[in-house]
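Me: Please take a close look at one part of this model, its hollow spaces, and tell me what lines them. I would also like to hear what surrounds the ligand, and where the backbone calls for a second look.

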Amino acid sequence: MIKLKESVEKLQAYFVNDLPYKVKLDANEGSNYLLKDGFKIDNFKANLYPDSDSKILREKMSKYYKCKAENIMVGNGSSELINTIINAYCEKGEKVMSFIPSFSMYQTYCDLCGAEYVGVETEMDFSQNIDKLIDEAKKENPKIVIVCNPNNPTGYVTPKEDLVKLLDNVQNSLIIIDEAYADFSEISVIDLINKYENLLVMRTLSKAFGLAGLRVGAVIANEKTIKYIWKVKVPYNLNILSQYAAEQALDNIDKVKDYTNRVKKLRQSLKDSLEELNFTVYPSGGNFLFVKSPVDNLFENLMEQGVLIREFRYDEVYNRITIATEEENKILLEEIGKLIG
Ligand SMILES: *Cc1c(COP(=O)(O)O)cnc(C)c1O
């Protein structure tokens, strides 16, 4: 076999589990409510390249994110953008810092480009001490600091004043706030992009919009920064069908608020029910709950019943459960009830 280059050769390939299921609560996907009847294709020209700048899509997004289209660059999911940005800013060996546990992909993207991932431990209750992160950043001088807010997988919400403190104190690093779940919490720092030139905010249509299959994400920053990083945008990266469908979905953003409110109510009721069953449930600002189960092997046992959740093995075993519909919550609780007996 022809050898890959050395830095790539030692990497582990990322495969996603493909298990049979009746209820899928393992990937924080939203409901299919914006394009539930599919989307209408008229005057569609597949022979032409898509709009490389995604002008209409960015215009529609700017209304929801309360910024200008010029503050937005879109990509094939926000994960593609995070990868592109880490790769664009980090020379081999430069550091990327974030709390651990957090989104495991940050480490993957660092590995891909030879950046060094530096994790700062969260507290025992998975809360995130911003002073500790600031101290570490001053010590290690990372090229990039990433805060996932709300954090995946723990659900922890970093208060806005903490993020302002980080931005005020760490001005020589790029600060990426990954707001993949911000639609389900009350906090965003998009309104600060014109104050801090080193701030990049990542958003996605994969979670609250229920459009994970379209792969549409965005990076939001001040105009100067967006123009600057446009150098690394892959031309035509967002295909014509995804742009087209996302534009139609974004014509219904009033429905997004209803949906996220519904999810927040279900999040609270599922938390209450699980606590009654002696689960430890951590406070969550996302469309998921991070829990510690009173029964062993919860993941395997539920999988056998066709209920998929995510398992995380740290010093102890934790699970992350996506908030889906009331119906699916009920099936989950019934199956857990059987296990507890
Ligand atoms: C889901 C998720 C993303 C991105 O998803 P895309 O589908 O690539 O837009 C980014 N960050 C976190 C923390 C996520 O959970």
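Reply: Helices (H or I, at least four residues) and strands (E, at least two) are DSSP runs here, numbered from the N terminus. A pocket is an open set of points on a 1 Å grid over the protein atoms alone, with protein on both sides within 12 Å along at least five of seven lines, while a cavity is a set where a 1.4 Å probe fits but cannot get out; lining residues have an atom within 4 Å of a point. The model is a predicted one, with local features needing pLDDT of at least 70 and side-chain atom pairs pLDDT 80 or more, whereas totals for chains, interfaces and linings use all residues. Residues are numbered from 1 along each chain as its sequence is written, and side-chain values use heavy atoms, without hydrogens and water.

The largest pocket has a volume (the space filled by probe spheres set on grid points joined across faces, edges and corners) of about 1100 Å³. Its lining is made up of 42 residues, and those that lie nearest the centre are Tyr 14, Ala 27, Phe 103, Arg 310 and Arg 320. Two or more lining residues come from each of helix H3 (77-89), helix H4 (105-113) and strand S12 (310-313), and of the elements it is H3 that gives the most, with four residues. By character, the lining of this largest pocket comprises 22 nonpolar residues, ten polar and ten charged (Ala, Val, Leu, Ile, Met, Phe, Trp, Tyr, Cys and Pro are nonpolar, Asp, Glu, Lys and Arg charged, the others polar). Both domain 1 (6-31 + 254-340) and domain 2 (55-251), whose bounds come from an automatic or database assignment, contribute at least three residues each to the lining of the largest pocket.

The second largest pocket holds about 400 Å³ of space, and among the 16 residues that line this second pocket, Tyr 64, Lys 66, Glu 186, Ser 188 and Arg 203 are the closest to its centre. Helix H2 (55-65) and helix H9 (254-276) each provide at least two residues of this lining, with H9 giving the most, three residues. Six of the residues lining the second largest pocket are nonpolar, three are polar and seven are charged. For the second largest pocket, too, domain 1 (6-31 + 254-340) and domain 2 (55-251) each supply at least three lining residues.

Turning to enclosed space, the count comes to one cavity of 30 Å³ or more, and the largest cavity has a volume of about 30 Å³. Met 73, Glu 80, Leu 81, Thr 84, Val 232, Lys 233, Val 234 and Asn 237 line this largest cavity, and H3 gives the largest share of that lining, three residues. In the lining of the largest cavity, four residues are nonpolar, two polar and two charged.

Next, the ligand. It is surrounded by 13 residues (those with a heavy atom within 4 Å of it), of which Ser 79, Thr 204, Ser 206, Lys 207 and Arg 215 are the closest. A ligand nitrogen atom is 2.6 Å from a side-chain N or O atom of Asp 178. An oxygen atom of the ligand is 2.6 Å from a side-chain N or O atom of Tyr 181, and a ligand oxygen is likewise 2.6 Å from a side-chain N or O atom of Arg 215.

Arg 215 also belongs with the backbone details, since this residue, although not a glycine, has a positive phi of about 60°; Arg 215 lies in the loop between strand S7 (199-204) and strand S8 (216-220). Elsewhere, the peptide bond from Asn 149 to Pro 150 is cis, with omega near -5°, and Pro 150 sits in the loop between strand S5 (144-148) and helix H6 (160-169). The peptide bond from Asn 152 to Pro 153 is also cis, with omega near 15°, and Pro 153 is found in the loop between S5 and H6.

Terms used: Polar contact = N/O pair within 3.5 Å; in protein donor to acceptor, adjacent residues only side chain to side chain.
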